[in-house]
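Biologist: Please show me the model, and let us then discuss the reasons behind the terms used to describe it.

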Amino acid sequence: MSLLSGLLGNIAAATLSKDVRLEWRSKDAINSMLFFALLVVVIFSFSFDPNAEESRRIAGGLIWVGFLFAAVVALNQTWARELRNQVLDAYRVSPAPANSLFLAKALGNFIFVCVLEALMAPLFILFYNLRALGPGWQLIPIALLGTWAIVVNGTFFAALSIRTRSREIMLPLLLFPISIPALLAMVEATTDVLSGEYSARFWIALLMAYDVVFTIASLFLFETVLHAE
Amino acid sequence: MKRLFPIFAFITAALLSFALYEALIGAPTEQTMGDVQRIFYYHVSSAWTAFILFFINFVASIQYLVRKNDSSDRITNWIVIALGVITCIAAYVVHLPQGIEKSSIASTGISVIALYFLVRKLFSPDNVDALAVTTAEVGVVFCTVVLITGPLWARPVWGIWWAVGDVRLTSTLVLWLIYVSYLLLRKFSNSGQTPKIAAALAIFGALDVPLVYFSIWFFRTQHPQPVIGDGGEIDPRMLHVLLLNWLAFSCFAVMICWARYRLEILKREVEETLALESLLEEPRSIR
């Protein structure tokens, strides 16, 4: 805990540990995400029925589309929880910096989605008989960078969409168009690693650029969005 | 200003009809593609118009956020000037790839500065959000025209309606998707907060465009290379007709934006008046 506060600052660390503890006790987000991702795996495997060669080609796409859809479930709950009892309003009038709240929320979502991926990846491998022909270790930076790309934008857009009517449907409508380059990079990088035909380096660099650009943009604009009245 | 509008509308109508005549009859027929190529005059002029409108939307969104505060306004002004100057200098210093002219990069840098300060001069901080709505809506319309005329041309010439993975096609489609989501956000958000969150989304969208472009550029591209500038060759007569069409389309866009902008301002005035009236009437109704 003290290490965490040293790294992030007290407020971010407190919010993060609160969110993780809440999730640990209720397991709302992780359970619904897991089941959702499982359904995606099963339905895709029925609808495509691929052989080993084909599945290597399409698995990158299936995995990331599944994770993106599942992540939306967790992202939708990020801020909705703070609306009850006017927690967000309390935060708005407090002198605490808005960015620590944003960082804590984004990191919390990052942890949840990473746990989901760690649990679902073996299932994907089982269902689609996957074996990486390229350098398999590259999948780890791809997964981490890709997850951060989804989560940092998702957390930001979730904060935008709580200010709209029908907020649950608004988040994917905002998130998906903006994440197209990140999704493309994740899918192509994963496919390159699985098929081993090309190097995934360009796509990893693109993911890094995407992460840097949108993390900075979110930190710049989050305060405006939080205080938008 | 009000009296100018019909005059401007008349000029636009005249220009559009002349441009139509030139595009369908005046311009020479292309050797290999035949008459199908004539859709090019609409496709390219709509595309340029749409991109300019989206860029104005981006500028207006930034200005909406920074002009609330004097110091951030001043900082942004200097950043814009610095970016423009750096672009101009870099155009002549950095070694550019074949087919890109130094002067075109430099003039882009200058026109960005000019556009930023033109918008800043013409629109007050409160009205700049109305400009953002207007340009986004009209831009989406022009972008839709681009996305419809593209496949109409591609089917007879390429043999396919749509080339997945082509950089200009896909970037334009993603741009269109981003701006449709922008309009949806504006439609669905609660009125008081709309401008700020919409401006945030517009900035995110603008940051996304270069990333989309590079990510798709990594695939092989099928779209004909731009024929304007160093890379390709175009009959001077065709170029003349294209520029004429672009002028006509830009005038048309300005005209629609003008009308839409006035409507938006009027709508806001009505809303304000209604809100004020309800505030004034409340004590009476309680009594």
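**Confidence and helix packing**

Modeller: In this predicted model, chain B has a mean pLDDT of 84, and 90% of its residues reach 70 or more. The model scores ipTM 0.85 and pTM 0.86.

Biologist: Why are α2(B) and α4(B) called oblique to each other?

Modeller: Helix α2 (residues 40–66) of chain B and helix α4 (residues 102–122) of chain B pack at an angle of about 55°. Angles under 35 degrees count as roughly parallel, and 65 to 115 as roughly perpendicular. The angle of about 55° belongs to neither of these classes, and α2(B) and α4(B) are therefore oblique. Their axes are 10 Å apart, and their crossing is right-handed.

Biologist: Which residues of α2(B) and α4(B) meet?

Modeller: From α2(B), I56(B), V59(B), A60(B) and Q63(B) take part, and they meet L115(B), Y116(B), V119(B) and R120(B) of α4(B). The residues of this contact comprise 6 nonpolar, 1 polar and 1 charged.

Biologist: Let us turn to chain A. Why are α7(A) and α8(A) described as oblique to each other?

Modeller: The axes of helix α7 (residues 139–161) of chain A and helix α8 (residues 167–178) of chain A cross at roughly 140°. Roughly perpendicular covers 65 to 115 degrees, and roughly antiparallel requires over 145. An angle of roughly 140° meets neither condition, and α7(A) and α8(A) are therefore oblique. Their axes come within 9 Å, and the crossing of α7(A) and α8(A) is right-handed.

Biologist: What makes up the contact of α7(A) with α8(A)?

Modeller: In α7(A), the residues are N153(A), G154(A), F157(A), A158(A), L160(A) and S161(A). In α8(A), they are R167(A), M170(A), L171(A), L174(A), L175(A) and I178(A). By class, the residues of this contact are 8 nonpolar, 3 polar and 1 charged. G154(A) is in α7(A), and Gly counts as polar.

Biologist: How many residues does each chain bring to the contact between chain A and chain B?

Modeller: Chain A contributes 25 residues and chain B contributes 26 residues. On the side of chain A that touches chain B, α8, α9 (180–195) and α10 (201–226) each supply at least two residues. Of the elements of chain A, α10(A) gives the most to that side, with 9 residues.

Biologist: What classes of residue form the side of chain A that touches chain B?

Modeller: That side of chain A divides into 19 nonpolar, 3 polar and 3 charged residues.

Conventions. Residues numbered from 1 in each chain as written. Chains lettered and ligands numbered in written order. Predicted model: local features only at pLDDT ≥ 70, side-chain atom pairs only at ≥ 80, totals over all residues. Axes fitted to C-alpha atoms, helices over the stretch in contact; angles between N-to-C directions. Helix = DSSP H or I, 4+ residues; strand = E, 2+ residues; numbered from the N terminus. Left-handed = near helix turned anticlockwise from the far one by under 90°. Contact = placed C-beta atoms within 7 Å. pLDDT = per-residue confidence, 0-100.
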